[in-house]
Each structure stands twice: as C-alpha cells, then as structure tokens.
Amino acid sequence: ANRVSSTNIAGLRSRRSLGSIGRWNLANFAEKVTDIEGEGSGFQKVVRFSTSGGTLATGGSDGCVRTWKFPAMTPGWVFRGHTGEIDDLDFHHSRDQLVSVSRDCSACIWNV
C-alpha cells in the first residue's frame with residue numbers, strides 16, 4: 001500500500017460541541033481550510049471515503065447520512081431514513097451505493 005504524505009492531504013475533524021465538519025491543513029493545524037455545518041447536523045460519528053476517493057460520507061447522531069465532494073468539501077446528499085444515530089457506513093466496492101446501520105436496528109442502502 002502507498003503511504004500518503006500528511007503534507008499532501010487535508011485533514012478532517014468533527015467537533016462534538018458544534019456538530020460541524022471542518023477541513024484542516026495537516027501541515028499546519030492552525031490553518032482551517034473549510035468549516036461546514038449542516039442544519040441540525042448533530043455530532044458526526046463515522047466518516048468513510050468512497051472507493052474512488054471523490055466522495056466522503058458522514059453519519060451523524062441525528063440519524064442522517066451526508067455526502068460531501070472531496071477534497072472541496074462541498075455538500076452533496078442528505079439521506080434521512082433512520083430514527084437513531086448512525087453507527088457505521090460503508091461504500092460498495094464497485095457500485096455507487098452506500099450502506100448505513102443505525103441504533104434504531106435498521107440498515108439502509110443508498111444510491112449515491
């Protein structure tokens with residue numbers, strides 16, 4: 001596997017108190033590149049990259065799954081189908097699909 005240099009990628013950080021997704025320059029953590037807050041987004045518990053690396057998905061304590069275009073971090077889809085917080089996410093290896101599992105004991109498959 002190839003190792004990615006921390007100076008060549010942007011870091012992600014979820015802040016529990018604000019419930020936002022931020023993109024930070026890993027070479028200089030003091031430099032914030034993007035701050036993205038969704039309406040009622042809550043704490044984002046899980047983050048996954050698509051197999052292509054062009055999409056990022058987050059699962060929140062509010063039961064919503066959100067997608068973001070990476071590396072620009074522009075908002076994509078917001079999927080609402082769970083009544084409990086999201087426990088895990090995963091992208092299908094060859095299809096444009098994402099699966100989410102929640103504390104409400106359900107799993108959803110989303111076309112992305």
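Here are three exercises, with worked solutions, on a predicted model of a protein.

**Exercise 1. Aromatic pairs**

Classify the ring pair Phe49 and Phe70, and work out why it ties together separate parts of the chain.

*Solution.*

Step 1: Begin with the count, which comes to three aromatic pairs.

Step 2: Look at the geometry of Phe49 and Phe70. Their rings lie 4.9 Å centre to centre, with 85 degrees between the planes. Planes over 60 degrees apart count as edge-to-face, so that is the class of this pair.

Step 3: Find both residues in the chain. Phe49 belongs to strand β4 (residues 44-49), while Phe70 sits in the loop between β6 and β7, so the pair ties together parts that are 21 residues apart in sequence.

Step 4: Check the exposure of each ring's residue. Phe49 has a relative accessible area of 42% and is partly exposed. Phe70 is partly exposed too, at 22%.

Step 5: Now try Phe79 and Trp110. This pair is stacked, with 4.7 Å centre to centre and 25 degrees between the planes. Phe79 is in strand β7 and Trp110 in strand β10 (residues 107-111), so the pair links distant parts of the chain, 31 residues apart. Both of these residues are buried.

Step 6: Add one more residue to the picture. Ring pairs join Trp77, Phe79 and Trp110 into a cluster.

**Exercise 2. The surroundings of Ser100**

Decide whether Ser100 is buried or exposed, and find which side chain it joins through a polar contact of 2.8 Å.

*Solution.*

Step 1: Place the residue: Ser100 is in strand β9 (residues 97-102).

Step 2: Use its accessibility. Buried means under 20% relative accessible area, and Ser100 has 0%, so Ser100 counts as buried.

Step 3: Look for the partner. The side chain of Ser100 makes the 2.8 Å polar contact with the side chain of Trp110, a member of the ring cluster from Exercise 1.

Step 4: List the neighbours. Leaving aside residues up to four places away in sequence, Ser100 touches Val65, His82, Asp88, Leu89, Ser106, Ala107, Cys108 and Trp110.

**Exercise 3. The largest pocket**

Describe the largest pocket by its volume and by the residues of its lining.

*Solution.*

Step 1: Start with the idea behind the search. Rolling a probe the size of a water molecule over the atoms shows where empty space is left.

Step 2: Give the volume, about 210 Å³ for the largest pocket.

Step 3: Turn to the lining, made of 16 residues; Ser50, Thr55, Phe91, Asp96 and Val112 lie nearest the centre.

Step 4: Name the elements that give two or more residues to this lining: β6 (64-69) and β7 (74-80).

Step 5: Sort the lining residues by character, which gives three nonpolar, 10 polar and three charged.

Terms used. Residues numbered from 1 in each chain as written. Predicted model: local features only at pLDDT ≥ 70, side-chain atom pairs only at ≥ 80, totals over all residues. Heavy atoms only, no water. 1 Å grid on protein atoms, 1.4 Å probe; cavity = no way out; pocket = protein on both sides within 12 Å on 5 of 7 lines; lining within 4 Å. Points joined across faces, edges and corners; volume = space filled by probe spheres on them. Helix = DSSP H or I, 4+ residues; strand = E, 2+ residues; numbered from the N terminus. Nonpolar A, V, L, I, M, F, W, Y, C, P; charged D, E, K, R; others polar. Phe/Tyr/Trp six-rings, centres within 6.5 Å; stacked < 30°, edge-to-face > 60°. Buried < 20%, exposed > 50% of the residue type's maximum accessible area, 1.4 Å probe, protein only. Polar contact = N/O pair within 3.5 Å; in protein donor to acceptor, adjacent residues only side chain to side chain. Contact = heavy atoms within 4.5 Å.
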